[in-house]
Amino acid sequence: MADTIRDASGTDSAGEDTGTERETGVHSTSTSTEVETRSEAPGTAVVRPDAIPNPGFPPERLRVTDLDPREEKKAERAVSLWFGLGIFGAIAAVAVYVAFPLGNGDPDVNRWTTFGIGMGIALGLLGIGFGAVHWSKSLMEGHDLVEQRHTTRGSEETRARAVEVFSLGNKESGFSRRKMIRNSMIAALVAFPLPGIVLFRGLAPREDPNELLKFTMWKKGTRLTRDPSGTPIKASEVTIGSAFHVIPEGLNETEDRLEEKAKAAVLLMRLRPQDLTISSGRESWSYDGIVAYSKICTHVGCPVALYEQQTHHLLCPCHQSQFDITREATVIFGPAKRPLPQLPIMVDDQGYLVARSDFREPVGPSFWERENS
Ligand code: FES
C-alpha cells in the first residue's frame, strides 16, 4: 500500500494513490462508517474521518418537462424559437451591412449601420445562448454524476516512453548535434516577429506622432468659440461660476475636424480672481478670473466635462480623476498623474477671448515621446 497520510478532504500528502483507495477513502459519496473502519486498519496509514459526513445527493426532482409530454413539446418549441431568433439576428446584421454600406461619408448612416450590425450580432448570439441554456435546463437529462479524480502523473512506463521518443526525435533531427542549424533556426524564430512589431508603426499617422500630439490648433490670436456652434465668446459673457465648452475658431471648417477637436477642446470657467492660486510665469495666462484648461483628461484622454461650481473641481467621468481649478487644475483625486494643461488667454480689442499661444505642453494622456524635443 503506497498511501501514508490522507487528510479529511482526501488529498494525499505522500505517496501514490490507487483507484481502489479512492473508492473507499475519498469517494464523495462514501459514508463516515466506511472511513472510520478504514482508519482502524493496521499499518502506518492515517485516515481522519470527515468532520461533516457527506450527505450524498438529494433525491432527483423531476421537471415538469419530464412528467408532461405537452410541456416537453412546449419547451422544444421555445428552444427552437430562441435559435430562430439567433438566425434572424445574423441575417439582419448581414442585411443592414449590405443595404446601408459603411464609409459613404454620412456620419448618421455610419452610426445607424454600425448600430444595426451590432444589434443583429447581439441578437444572433443571445438567441443561440438562451436557446442552449433553455435546452439544457428543460430538456437534457438532469441527473447528477460523480466523476472520480485521477492522478495526473503518467505511469513510469509512459514517462520513460516519452523520454525515449524525445531522444529519438533529437537524434534523428540532429537538433543537438547540428549546432549551426539549431542556432540559425532559433535566430530565425527570434527575427520572425520583428516585421510585426515594425508594422505597428503603420498604425500611426505618416507625420511625426510627437509633433501631432504636441501641438493643437490654438495659436496666438485664435478666438475661443462655443462648442459646437463656433460663435466667439466675449469676456463679459463669462459670468462668475459659469463654464463654457470651447473650440478654436475655424475648427468646424477644417478637414480633420474630429482629430483637431480631440486635441484642442477646452473648458472655460470664471472664478473670483482672489480664489485663483497662480504660479510664477502664469500671471498673464488668465483674464480677470477667467481661465481655460484642456478638456482632455491626462489619464487616458476622456473629456473632463463635469464642473462642480461650488468647489471649483473638474471631474472626469471615466475614472473619477478630479482637478482643482483654483490650483491650476492640480490632480486632487483619481488615477490622472498630471494637471490639465492651461491655455493662456487674453482679450482682443473687441472684447473677445483669444488664445495667447498654443498650450505650453502636450495635452491628454502621457505618450512615450512626450518629453522629447
Ligand atoms: S480618463 Fe479621466 S480619469 Fe481616466
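This passage describes the fold of a predicted model, moving from the whole chain to one sheet, its core, a helix and a loop residue.

In the predicted model, the protein chain contains 10 helices and 12 strands. Of its 373 residues, 18% are buried. When contacts between residues at least 6 apart in sequence are considered, 55% of them join residues that are at least 24 apart.

Four of the strands form an open sheet in the order S3-S4-S5-S6, and their pairing is antiparallel. The edges of this sheet are S3 and S6, each of which pairs on one side only, and the twist from one strand to the next averages 45°. Taken pair by pair, strand S3, which covers residues 224-226, is joined to strand S4, residues 243-248, by 3 bridges, and within this pairing Arg226 has Val246 of S4 as its bridge partner. The antiparallel strands S4 and S5 are joined by 4 bridges, with Phe244 standing opposite Leu268 of S5. Between S5 and S6, which are also antiparallel, there are 5 bridges, and here the bridge partner of Leu268 is Ala292 in S6.

Leu268 therefore deserves a closer description, since the residue has 22 C-beta neighbours inside 10 Å and so counts as buried, the cut-off being 20 or more. Leu268 belongs to strand S5, which spans residues 266-270. Once the neighbours within four places in sequence are left aside, Leu268 is in contact with Leu224, Ile233, Val238, Ala243, Phe244, Val246, Ile290 and Ala292. One of these, Ala243, lies 25 residues away along the chain, yet the C-alpha atoms of Leu268 and Ala243 are separated by 5.4 Å.

The same residue appears again in the largest nonpolar core, which has 36 residues and in which Leu224, Val266, Leu268 and Ala292 have the most contacts. The elements that give two or more residues to this core are S4, S5, strand S6 (290-294) and strand S12 (353-355). As a general background, nonpolar side chains in soluble globular proteins tend to be buried together. The contacts of Leu224 add detail to this picture: not counting residues up to four places away in sequence, Leu224 touches Ile233, Val246, Val266, Leu268, Ala292, Ile345, Leu353, Val354 and Ala355.

Attention may now turn from the sheet to a helix. Helix H4, which runs over residues 69-99 and has 31 residues, reaches 44 Å from its first C-alpha to its last, and this is close to the 45 Å expected at 1.5 Å a residue. Within H4, the residues Val79, Gly86, Gly89 and Val96 are buried, and what covers the buried residues of H4 includes helix H5, residues 107-138.

A final residue, Arg338, is found in the loop between strand S10 (330-333) and strand S11 (345-347). Arg338 counts as partly exposed because 18 C-beta neighbours lie inside 10 Å, whereas Leu268, with 22 such neighbours, counts as buried. Although Arg338 and Ser366 are 28 residues apart in sequence, their C-alpha atoms are 8.8 Å apart in space.

Terms used
Residues are numbered from 1 along each chain as its sequence is written. This is a predicted model: local features need pLDDT of at least 70, side-chain atom pairs count only at pLDDT 80 or more; totals for chains, interfaces and linings use all residues. A residue is buried if 20 or more other C-beta atoms lie within 10 Å of its own, exposed if 12 or fewer, and partly exposed in between; C-beta atoms are placed from the backbone. Two residues are in contact if their C-beta atoms, placed from the backbone, lie within 7 Å. Two strands pair if DSSP finds at least two bridges between them. A nonpolar core is a set of buried Ala, Val, Leu, Ile, Met, Phe, Trp, Tyr and Cys residues joined through C-beta atoms within 7 Å. The expected span of a helix is 1.5 Å times one less than its number of residues. Axes are lines fitted to C-alpha atoms, for helices over the stretch in contact, and angles run from 0 to 180 degrees between N-to-C directions.
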